[in-house]
Amino acid sequence: MSTGTASAAAVLAAARAGDAAQARALLATIVREEFSLPVAEITLGTDGYSLNSVNGFITTDSGESFFFKFHHEEGEDSVLQEFYRGEVLQAAGYPIDMPVHVCRRVGRQILLYRRRHTPRLADAARAVDHGDPLPDAPADALLGAQAALDDLTAAIYRASWHPIDAATSAAEPVHQLFFHRLVTPGRPTDVLGGRAATFFAADRLFTLPGATLGGADLLDLRWVIDGTPYHGTLRTCLESSLRLLTPAALAHGGGVVAHGDAHNANVWFDPAHADTPAHLTFFDPAFAGTHVPALLAEVKATFHNILAHPDWLYHPADLAAQPHIRVTDGVATVTSGWAPTPLRRAFLRGKAQRLWRPLLALLHAHDALGPEWRQTLRCALFCCPTLVMDLCPAGVRHTPQSALNGLAVAMMCGAEPERAGADPVARFLDTLDPTRADPDFASI
């Protein structure tokens, strides 16, 4: 078997194609050449959480065991200078698991950690959602640990906030998760490109429960979801994202030291012991930085830890909801059958109260919270489901049911409902407004 040019992109492509042997061979080549470690065995992760990454376990000839993870984005060689700056998080005071081996070379960026046997928060939370908590990981322990991390993160954001300019903002790798997925490198940045153009191409067919739609028609539908009409369309949400999520536009809100991609599959859950409470530890700081635009810093954690559940994004085959769409005169009427679980709603309430509202109050006090902050947050939340993984059922991951569920959640994120406070996202954003004196966190 030829390993060809062993790169992160090649490993990810082989894994997505189901060629595990090729992925392991390529990965073994990278580990041998970058770290001088002879590989005896590689086990690829199959947990469903690696949407743009690969993880798993490596055992060397000497018996050492490592957990590995790497992230790859298309076009990253033209926009990124350095991934994996875990040391900046450690210096700021975040709980961070530091890797034993790090390769930062663009195209071969990979981390090796000492193997741990504590669960990730993603696994512990999913077990609670399904009514079968892991040992030592009941809902109250997860909520307590998350609350403590949110308090710490808010304090670090407050201590590290500072003004930034457009060039400083643009140098942060976190934009790879948002703006760079909306544009094509080397082409005008005011024209939709990249994943946005590919995933919603006019000639694609979206076969959904109740209707089959071309990409162009899908983009221009107006939506009524579970009886609630929404302003705008998928197209207007994408166009607003292209305008509001530029690095220059986001620079107005200043920067903070942040992980940038702290979804729960990048967080270890350490159960409580006799003398210590349960706590959380970050790993995989692929998009960490010292000047992360403040309005982006917590978006990935907010969406992927809460609105991506239960099941539809990471485990689409397990989605219990049976959504249905009916299209009449350009209006999509959707019955979703979906709602966040009690655990996820509690996570959202806590994040609103402990982290987001204090952060926006800080920006407001520094005259750094622009008039379009709410729509900016909506756009960033909207980009999480639409651009992290192809929502077309003809792609590599989604079922017709999970695709429709994802499109409905995306619209809840990106567009205002015609009736104020009609869904959890609208109520969440209402509580964040620092000019409102009495936020109703219980409404979330």
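**Exercise 1.** Find the residues that Leu142 contacts, leaving aside neighbours within four places in sequence.

*Solution.* Contact means heavy atoms within 4.5 Å. Leu142 touches Leu121, Ala124, Ala125, Val128, Ala137, Phe269, Leu343 and Phe347. Next, place Leu142 in its core. Leu142 is among the residues with the most contacts inside the largest nonpolar core, which has 120 residues. Such a core is a set of buried Ala, Val, Leu, Ile, Met, Phe, Trp, Tyr and Cys residues joined through side-chain atoms within 4.5 Å. Buried means under 20% relative accessible area, exposed over 50%, and partly exposed in between (1.4 Å probe, protein chains only).

The model is predicted: local features need pLDDT of at least 70, side-chain atom pairs count only at pLDDT 80 or more, and totals for chains, interfaces and linings use all residues. Numbering starts from 1 along each chain as its sequence is written, and side-chain values use heavy atoms, without hydrogens and water.

**Exercise 2.** Which residues of α5 and α6 make their contact?

*Solution.* From α5, take Leu121, Ala124, Ala125 and Val128. From α6, take Ala139, Leu142 and Gln146. Helices here are DSSP runs (H or I, at least four residues), and strands are E runs of at least two, numbered from the N terminus.

**Exercise 3.** Is Asp311 buried or exposed? Do the same for Asp329.

*Solution.* Start with Asp311, in the loop between α12 and β14. Its phi is positive, about 75°, although Asp311 is not a glycine. Asp311 is buried, at 6% relative accessible area. Now take Asp329, in the loop between β14 and β15. Phi of Asp329 is also positive, near 55°. Asp329 is exposed, at 78% relative accessibility.
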